[in-house]
Amino acid sequence: MAKPGETIVNTVTGETLTFQKTASMTGGDLLEFHLQLKPGSTVPMKHRHTRQDEIFEVIRGTVNVEIGKTRHVIKPGEKILMNKGVPHRWWNSEAVTSELIVSFKPAADTEDFFVEIFGLASSGKTKPNGAPTFFQAARMCGKYNIYHPVIPVFLQKAVSLIFNLFDKR
């Protein structure tokens with residue numbers, strides 16, 4: 001379980017995340033964290049959340065966001081909403097570190113996803129770009145409600161359920 005003030009680093013994607021409001025603090029209503037994106041950092045794959053909205057508020061630098069097929073450049077003081085179910089991704093194409101506040105509503109167990117995927121990436125256990133391997137993605141998608149945008153969600157949920165039945169963690 002994440003704690004407010006706890007910082008985790010993804011050495012592969014160049015992301016540094018500091019938890020501000022966690023699920024346990026907000027009764028599950030909100031997860032909020034400060035995110036730093038090094039120059040060139042990117043989320044490794046487009047994805048979607050079927051039960052959560054995600055909001056970015058840029059503090060410093062700019063953040064490129066693709067929602068569906070539309071690209072946006074978000075500047076300091078601007079916010080953007082990624083509605084649940086809509087595929088999205090983001091990256092920092094600037095020469096400086098960008099900073100933003102990221103919110104998930106409701107929180108679900110998304111903080112656990114970040115702790116897990118950042119740990120796997122920083123330990124060299126993901127694909128070279130920081131994306132989960134097939135088996136990691138198959139186990140995590142249903143567990144954390146983060147899905148590939150092309151593969152039908154019902155199929156991903158079924159595969160995830162099977163993988164999680166045999167997970168020995």
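**Loop between strand 9 and helix 1**

I started with Ala 108, which sits in the loop between strand 9 and helix 1. I am working on a predicted model. I checked the backbone there: Ala 108 has a positive phi of about 50°, although it is not a glycine. I then looked at Pro 106, which is found in the loop between strand 9 and helix 1 as well. The peptide bond that joins Lys 105 and Pro 106 is cis. I noted its omega as about -10°.

**Six-stranded sheet**

Next I traced the sheet that contains strand 9. It is an open sheet of six strands, and I read the order as 1-2-3-9-4-7. The pairing is antiparallel. Which strands lie at the edges? I found strand 1 (7–10) and strand 7 (79–82), each pairing on one side only. I also looked up the twist: neighbouring strands of this sheet are turned by 25° against each other on average, direction ignored.

I then went to the pairing of strand 3 (residues 31–37) with strand 9 (residues 98–105). These two run antiparallel, and I noted seven bridges between them. For a single pair I picked Phe 33, whose bridge partner in strand 9 is Val 102.

What packs on this sheet? I found helix 1 there. It touches strand 1, strand 2 (15–21), strand 3 and strand 9. I noted that the direction of helix 1 makes about 45° with that of strand 1.

**Three-stranded sheet**

I moved to the other open sheet, which has three strands in the order 6-5-8. Its pairing is antiparallel. At its edges I found strand 6 (70–74) and strand 8 (88–91), each with pairing on one side only. From one strand to the next, the twist averages 20°.

How many bridges join strand 5 (residues 63–67) and strand 8? I noted four, in the antiparallel sense. One residue I followed was Val 65: its bridge partner in strand 8 is Trp 90.

**Helix 2 against helix 3**

For packed helices I want two values, the angle between their axes and the distance between the axes. Helix 2 and helix 3 pack at an angle of about 105°. Their axes are 7 Å apart. The range of 65 to 115 degrees counts as roughly perpendicular, so helix 2 is roughly perpendicular to helix 3.

I listed the residues in this contact. Helix 2 brings Phe 134, Phe 135, Ala 138, Arg 139, Cys 141, Gly 142 and Lys 143. They meet Gln 156, Val 159, Ser 160, Phe 163 and Asn 164 in helix 3. By class, I noted six nonpolar, four polar and two charged residues in the contact of helix 2 with helix 3.

**Largest pocket**

Last, I looked up the largest pocket. It holds about 600 Å³ of space. I noted 30 residues lining it. Which of them are the closest to its centre? I found Met 45, Pro 132, Ala 137, Ile 146 and His 148.

I then asked which elements give two or more residues to this lining. They are helix 1 (110–122), helix 2 (134–144) and helix 3 (153–165). The largest share, five residues, comes from helix 2. Sorted by class, the lining of the largest pocket has 20 nonpolar, seven polar and three charged residues.

Terms used. Residues are numbered from 1 along each chain as its sequence is written. This is a predicted model: local features need pLDDT of at least 70, side-chain atom pairs count only at pLDDT 80 or more; totals for chains, interfaces and linings use all residues. Side-chain values use heavy atoms; hydrogens and water are left out. On a 1 Å grid over the protein atoms alone, a cavity is a set of points where a 1.4 Å probe fits but cannot get out, and a pocket is an open set with protein on both sides within 12 Å along at least five of seven lines; lining residues have an atom within 4 Å of a point. Grid points are joined across faces, edges and corners, and a volume is the space filled by probe spheres set on the points. Ala, Val, Leu, Ile, Met, Phe, Trp, Tyr, Cys and Pro count as nonpolar, Asp, Glu, Lys and Arg as charged, and the others, Gly among them, as polar. Two strands pair if DSSP finds at least two bridges between them. Axes are lines fitted to C-alpha atoms, for helices over the stretch in contact, and angles run from 0 to 180 degrees between N-to-C directions. Contact means heavy atoms within 4.5 Å. Angles under 35 degrees count as roughly parallel, over 145 as roughly antiparallel, 65 to 115 as roughly perpendicular and the rest as oblique.
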